[in-house]
Amino acid sequence: MASSYTATDAQAYERLMGRWSARLAEELIGFAGIETGDRVLDVGCGTGSLALALAARPEPAAIVGHCCPVNR
């Protein structure tokens, strides 16, 4: 089922999604099996919680976040 949520307010998005993405970031990184020197593309990165958690680790050689533009 597709979401009908429209992200037009960063603070509202953080209250809705950010509280989970920050808590789950380390689990997701572990599941992904990122190794030293890997490059990571975070598509739909929202407020960047996952990219920030990755940046705190030594493994990734590069992290690129791509947020999709809001359609109005």
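What percentage of the 72 residues of the protein count as buried? The share is 21%, where buried means under 20% relative accessible area, exposed means over 50%, and partly exposed covers what lies in between, all with a 1.4 Å probe and protein chains only. The model shown here is predicted, so local features need pLDDT of at least 70 and side-chain atom pairs count only at pLDDT 80 or more, while totals for chains, interfaces and linings use all residues. Residues are numbered from 1 along each chain as its sequence is written, and side-chain values use heavy atoms, with hydrogens and water left out.

**View 1. The whole protein, with two helices and two strands.** Read along the sequence, these elements follow the pattern α-β-α-β; helices (H or I, at least four residues) and strands (E, at least two) are DSSP runs, numbered from the N terminus. The accessible surface of the protein comes to about 5,600 Å², and 57% of that surface belongs to carbon and sulfur atoms; accessible areas come from the Shrake-Rupley method with a 1.4 Å probe, and for residues only the protein chains shown count as cover. Of the contacts in the protein with a separation of 6 or more, 43% are between residues 24 or more positions apart, a contact being a pair of heavy atoms within 4.5 Å.

**View 2. The largest nonpolar core, made up of six residues.** Its members are A25, I29, I34, V40, A53 and L54, and the elements that give two or more residues to this core are α1 (10–32) and α2 (49–55). A nonpolar core is a set of buried Ala, Val, Leu, Ile, Met, Phe, Trp, Tyr and Cys residues joined through side-chain atoms within 4.5 Å. In soluble globular proteins, nonpolar side chains tend to be buried together.

**View 3. The surroundings of A25 and S49.** When residues up to four places away in sequence are not counted, A25 touches S49, L50 and A53. S49 has its place in helix α2 and counts as buried because its relative accessible area is 14%. With the same exclusion of residues up to four places away in sequence, S49 touches E14, G18, S21, A22 and A25.

**View 4. A network of salt bridges that links E26, R57 and E59.** The structure holds two salt bridges, each defined as a side-chain nitrogen of Lys or Arg within 4 Å of a carboxyl oxygen of Asp or Glu. In one of them R57 pairs with E26, and the closest N and O atoms are 2.7 Å apart. This pair links distant parts of the chain, since R57 is in the loop between α2 and β2 (62–66) and E26 is in helix α1, 31 residues apart. R57 also meets the side chain of E59 in a salt bridge, at 3.1 Å from N to O. R57 counts as partly exposed because its relative accessibility is 28%, E26 is partly exposed because its relative accessible area is 43%, and E59 counts as buried because its relative accessibility is 17%.

**View 5. D42, a residue of strand β1.** D42 is buried yet has no salt bridge, and the nearest side chain of opposite charge, that of R57, is 13 Å away; for this purpose Lys and Arg count as positive and Asp and Glu as negative, while His and the chain ends are not counted. Leaving aside residues up to four places away in sequence, D42 touches L50, A51, V64, G65 and H66.

**View 6. A nonpolar patch on the surface, formed by L41, V43 and V64.** Together these residues have about 290 Å² of accessible area. Patches are made of residues with over 30% relative accessible area and no salt bridge, with like charges joined within 9 Å and nonpolar side chains (Val, Leu, Ile, Met, Phe, Trp, Tyr) within 5 Å. V43 is found in strand β1 (residues 39–43) and is exposed because its relative accessible area is 54%.

**View 7. Two residues of helix α1, A10 and A22.** A10 counts as exposed because its relative accessibility is 58%, and its C-alpha atom is separated by 8.6 Å from that of G46, 36 residues apart along the chain. A22 counts as partly exposed because its relative accessibility is 48%, and the C-alpha atoms of A22 and A51, 29 residues apart along the chain, are separated by 9.9 Å.
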